[in-house]
Amino acid sequence: MEDDDLQQELRTVLTGCARRGETIAYLELAHAAGMQPPHLVHSVTEALEEMLRTDHGAGRPLLAALATRKDGLMPGRGFFWLLNELGRYDGPPEGEEAIAHYRALLEEAIAYWSADSAGGHAG
């Protein structure tokens with residue numbers, strides 16, 4: 001799958017999750033987007049990092065925040081390391097501070113990407 005096609009598939013799946021107010025685990029997202037083995041979780045997290053950079057650069061809430069570890073609670077450490085690199089978070093990748101920051105980002109992303117106009121945002 002081409003990178004642009006993959007990004008569009010991931011955005012479509014994640015926008016649907018936003019509309020339902022749900023998160024999705026990395027592996028489940030990879031399957032829903034039609035990705036093929038090997039290394040599904042690694043491939044989906046790389047694509048999510050690119051999506052995060054794109055949304056950050058465009059000043060949009062971070063749609064990638066809807067993708068989580070398999071426990072469904074929050075993204076992995078790499079999400080927070082990238083937020084730190086982008087100047088969007090200056091704290092540890094785990095613990096209460098990370099949870100609070102993530103919840104705020106998740107609420108913002110769900111509100112933005114689930115809006116009726118989100119179809120225009122998703123592309």
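## Second largest pocket, helix H4 and the nonpolar core

In this predicted model, the residues lining the second largest pocket comprise eight nonpolar, three polar and two charged ones. The pocket has a volume of about 170 Å³, and its lining counts 13 residues. Those nearest the pocket centre are Tyr-26, Thr-45, Glu-49, Gly-78 and Phe-79. Two elements, helix H3 (40–57) and helix H4 (77–85), each give two or more residues to this lining.

Phe-79 is also one of the buried residues of H4, together with Phe-80, Leu-82 and Leu-83. These buried residues sit on the same side of H4, because they cover an arc of only 160° around the axis. Their packing partners are H3 and helix H5 (96–113). On the face turned away from the buried side, H4 carries Trp-81 and Glu-85, both exposed. After H4 comes Gly-87, with a positive phi near 80°.

The largest nonpolar core has 37 residues, and Leu-14, Leu-29, Leu-48 and Leu-66 have the most contacts inside it. The elements that give two or more residues to this core are tabulated below.

| Element | Residue range |
|---|---|
| Helix H1 | 3–20 |
| Helix H2 | 26–32 |
| Helix H3 | 40–57 |
| Helix H4 | 77–85 |
| Helix H5 | 96–113 |

Among these elements, H5 gives the most to the core, with seven residues. Leaving aside residues up to four places away in sequence, Leu-29 touches Leu-10, Val-13, Leu-14, Ile-24, Val-44, Leu-48 and Ala-67. Of these partners, Leu-14 and Leu-48 are also among the residues with the most contacts inside the core.

Technical notes. Residues numbered from 1 in each chain as written. Predicted model: local features only at pLDDT ≥ 70, side-chain atom pairs only at ≥ 80, totals over all residues. Heavy atoms only, no water. 1 Å grid on protein atoms, 1.4 Å probe; cavity = no way out; pocket = protein on both sides within 12 Å on 5 of 7 lines; lining within 4 Å. Points joined across faces, edges and corners; volume = space filled by probe spheres on them. Helix = DSSP H or I, 4+ residues; strand = E, 2+ residues; numbered from the N terminus. Nonpolar A, V, L, I, M, F, W, Y, C, P; charged D, E, K, R; others polar. Buried < 20%, exposed > 50% of the residue type's maximum accessible area, 1.4 Å probe, protein only. Arc of directions from axis to C-beta. Contact = heavy atoms within 4.5 Å. Core = buried A, V, L, I, M, F, W, Y, C linked by side-chain atoms within 4.5 Å.
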